[in-house]
Amino acid sequence: MRIAQIADLHFGRDVPAVAETLIEELRAVQPTLIAVCGDLTQTAAEAEFRAASAFLDRLPAPAVVVPGNHDLPGWRFWTRFTRPWRRWRKHIASDPHGAVSYETDGLIAVGVNSARRWTFHHDWSRGRINMRQLTAIGAAFDEAPRDDLRVVIAHHPFLLTDAVRGRGLVGRSRLALRHLRHRADLLLGGHIHLAYSGIVDGLVVAQCGTAVSNRLKGEPNSYNLIDATGDRLTIAIRRWTDDDRFETFESHEYVRDGHEWSVPAATA
């Protein structure tokens, strides 16, 4: 089973050559599922959503697509508060308030919208997850076969490195982790534009960089290729290179006992 994780496409600031190469590579690696972790657009403009929708139409595998904070009308306050998801619904054709899911043999993935039109924090780019969403995720997972790989897809991060600690975790992350422990396996996100993975409360968290935009934060464009075999996961970070292609920059392995994950002893 293979999952391709892409995020922060930012159409409006996209690099066409990188986007085209990514499509070609996704065709070649034949993922079971493509997880699209938000920020499809730069400013939620009509033309940007049209471009993002056209890109999604070309993906060579089923995709679970969730919004990010850039998919909200930024400083267009009237629209942001009264019709924040009008263009998302028009072009992406999913309900931003509902959970989206995908199931196949051995895999269940549920995507939720962590972007909010406003927050109590002065930085409105920060997101939040709520109890209604956690209940929907838990219900889907509880009905799945016990050994299925259970994946949560959102935009905002459940894990930060020291270098980006100030960006903030998704709101209510502690509540979410308590709710998902021993029920989920893998949490996928974006937002930070940096690629890394690790374990939090027995769950594997994988963050990926900006897939096709020029909004780089000290790293080249990248996406993650996640291979799952039995109770083992390998997360490969595929970075854009000077040779105009993606190459594996580094990879990390994780193993599970039940739905509790750890780093294999040989690589810890």
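What follows is a conversation about the sheet and the nonpolar cores of a predicted model.

Visitor: In what order do the strands of the open sheet stand, and which are the edge strands?

Guide: The sheet is open and has 7 strands with mixed pairing, in the order β3-β2-β1-β10-β11-β12-β13. From one strand to the next the twist averages 25 degrees. An edge strand pairs on one side only, and that description fits β3 (63-66) and β13 (260-262).

Visitor: Which residue of β3 stands opposite C37?

Guide: Strand β2 covers residues 33-37 and runs parallel to β3, to which 4 bridges join it. Within β3, the residue opposite C37 is V66.

Visitor: What angle does the direction of helix α1 make with that of β10?

Guide: Helix α1, residues 16-29, packs on the sheet and touches β1 (2-6), β2, β10 (222-229), β11 (232-240) and β12 (246-257). Compared with the direction of β10, that of α1 makes an angle of about 10 degrees.

Visitor: Which element supplies the largest share of the largest nonpolar core?

Guide: This core has 32 residues, and those touching the most other members are I6, L9, L22, V36, L40, F55 and Y223. At least two residues come from each of β1, α1, β2, α2 (46-57), α4 (86-92) and β10. The largest share, 6 residues, is supplied by α1.

Visitor: Leaving aside neighbours within four places in sequence, which residues is F55 in contact with?

Guide: F55 is one of the residues that touch the most other members of the largest core. With neighbours within four places in sequence left aside, its contacts are I6, L9, F11, A19, L22 and I23.

Visitor: How many residues does the second, separate core have?

Guide: Among the members of this second core are I129, A154, F158 and Y196. The core is separate, and its size is 26 residues.

Note on methods. Residues numbered from 1 in each chain as written. Predicted model: local features only at pLDDT ≥ 70, side-chain atom pairs only at ≥ 80, totals over all residues. Heavy atoms only, no water. Pairing = 2+ DSSP bridges. Axes fitted to C-alpha atoms, helices over the stretch in contact; angles between N-to-C directions. Contact = heavy atoms within 4.5 Å. Core = buried A, V, L, I, M, F, W, Y, C linked by side-chain atoms within 4.5 Å. Buried < 20%, exposed > 50% of the residue type's maximum accessible area, 1.4 Å probe, protein only.
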